[in-house]
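This report describes the strands, the charged pairs and the internal space of one protein model. The sequence and the coordinates are shown first.

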Amino acid sequence: MNRITIHILNTSRGKPAANIDVQLLVQREAAWKMLGKERTDTDGRAGFVPAEANGELQAGNYKITFFTEQYFKEQEIDTFYPWVEIAFKLPEKAGHYHIPLLISPFGFTTYRGS
């Protein structure tokens, strides 16, 4: 099964980031189409199995938006980044993709995980 999974770690606390809303979009023509919304679990994880094309990920441009502002607000911490968007391109043969996000109130980083 093709899927996209994410994992968010708060590097300023050294812990997973729970209860962050996340959405997955795909670019079709010139517009972005939402494929799903999730919320990270207590381990900071969530996953998407796209409903289009019988659950198969199609080649193309995708982006994931992590809505981090509310997460930091609940901890009474100001953040410079109210959300983080990660755009990425999937090849012709799509499979399982894991996209980790490391956050702090004033920075973030990401990479292609396994």
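A salt bridge is taken here as a side-chain nitrogen of Lys or Arg within 4 Å of a carboxyl oxygen of Asp or Glu. By that criterion, R45 and D43 form a salt bridge through their side chains, with an N to O distance of 2.7 Å. The model is a predicted one.

**Salt bridges**

The structure contains 3 salt bridges. Side chains of opposite charge can pair when their charged atoms come close. The table gives the pairs with their N to O distances.

| Basic residue | Acidic residue | N to O distance |
|---|---|---|
| R39 | D21 | 2.8 Å |
| R45 | D43 | 2.7 Å |
| K63 | E85 | 3.9 Å |

The side chains of R39 and D21 meet at 2.8 Å. R39 belongs to strand β4 and D21 to strand β3, so this salt bridge ties together parts that are 18 residues apart in sequence. R39 counts as partly exposed because its relative accessibility is 47%. D21, at 35% relative accessibility, is likewise classed as partly exposed.

In the pair of R45 and D43, R45 has a relative accessible area of 36% and is partly exposed. D43 is also partly exposed, at 34% relative accessibility.

The closest N and O atoms of K63 and E85 are 3.9 Å apart. This pair links distant parts of the chain, with K63 in strand β6 and E85 in strand β7, 22 residues apart. Is K63 buried or exposed? Buried means under 20% relative accessible area, and K63 has a relative accessibility of 15%, so K63 counts as buried. E85, at 42% relative accessibility, counts as partly exposed.

**The four-stranded sheet**

Strands β3, β4, β6 and β7 belong to an open sheet of 4 strands. The order in this sheet is β4-β3-β6-β7, and the pairing is antiparallel. At the edges stand β4 and β7 (84-90), each with a single partner strand, so one side of each has no neighbour in the sheet. From one strand to the next the twist averages 20°.

Strand β6 (residues 60-67) runs antiparallel to β7, and 7 bridges join the two. Within this pairing, F66 stands opposite V84 in β7. The salt bridge between K63 and E85 also links β6 with β7. In a regular strand the side chains alternate between the two faces of the sheet.

A59 is placed in the loop between β5 (45-48) and β6. A relative accessible area of 26% makes A59 partly exposed. A59 and R28 are 31 residues apart along the chain, and their C-alpha atoms are separated by 11 Å.

**The β8-β9 hairpin and the cavity**

β8 and β9 form a hairpin with 2 residues between them. The two strands run antiparallel and are joined by 4 bridges. One of the bridge partners is T110 in β9, which is paired with L101.

How many cavities of 30 Å³ or more does a search of the whole structure find? The search finds 1 such cavity. About 30 Å³ of space lies in the largest cavity. Its lining consists of T68, F72, T79, Y81, V84, I103, S104, G107 and F108. The hairpin strands take part in this lining: β8 (96-104) and β9 (107-110) each supply at least two residues. The lining also includes V84, the residue of β7 that F66 stands opposite. By residue class, the lining divides into 5 nonpolar and 4 polar residues, with no charged ones.

**Loop residues with positive phi**

Most residues other than glycine have a negative phi, and most peptide bonds are trans. N19 is not a glycine, yet has a positive phi of about 60°. N19 lies in the loop between β2 (15-16) and β3 (21-28). With 46% relative accessibility, N19 counts as partly exposed.

E29 is not a glycine either, and has a positive phi of about 65°. The place of E29 is in the loop between β3 and β4 (31-39). Is E29 buried or exposed? Exposed means over 50% relative accessible area, and E29 has 79%, so E29 is exposed.

Definitions and conventions:
Residues numbered from 1 in each chain as written. Predicted model: local features only at pLDDT ≥ 70, side-chain atom pairs only at ≥ 80, totals over all residues. Heavy atoms only, no water. 1 Å grid on protein atoms, 1.4 Å probe; cavity = no way out; pocket = protein on both sides within 12 Å on 5 of 7 lines; lining within 4 Å. Points joined across faces, edges and corners; volume = space filled by probe spheres on them. Nonpolar A, V, L, I, M, F, W, Y, C, P; charged D, E, K, R; others polar. Buried < 20%, exposed > 50% of the residue type's maximum accessible area, 1.4 Å probe, protein only. Pairing = 2+ DSSP bridges. Axes fitted to C-alpha atoms, helices over the stretch in contact; angles between N-to-C directions.
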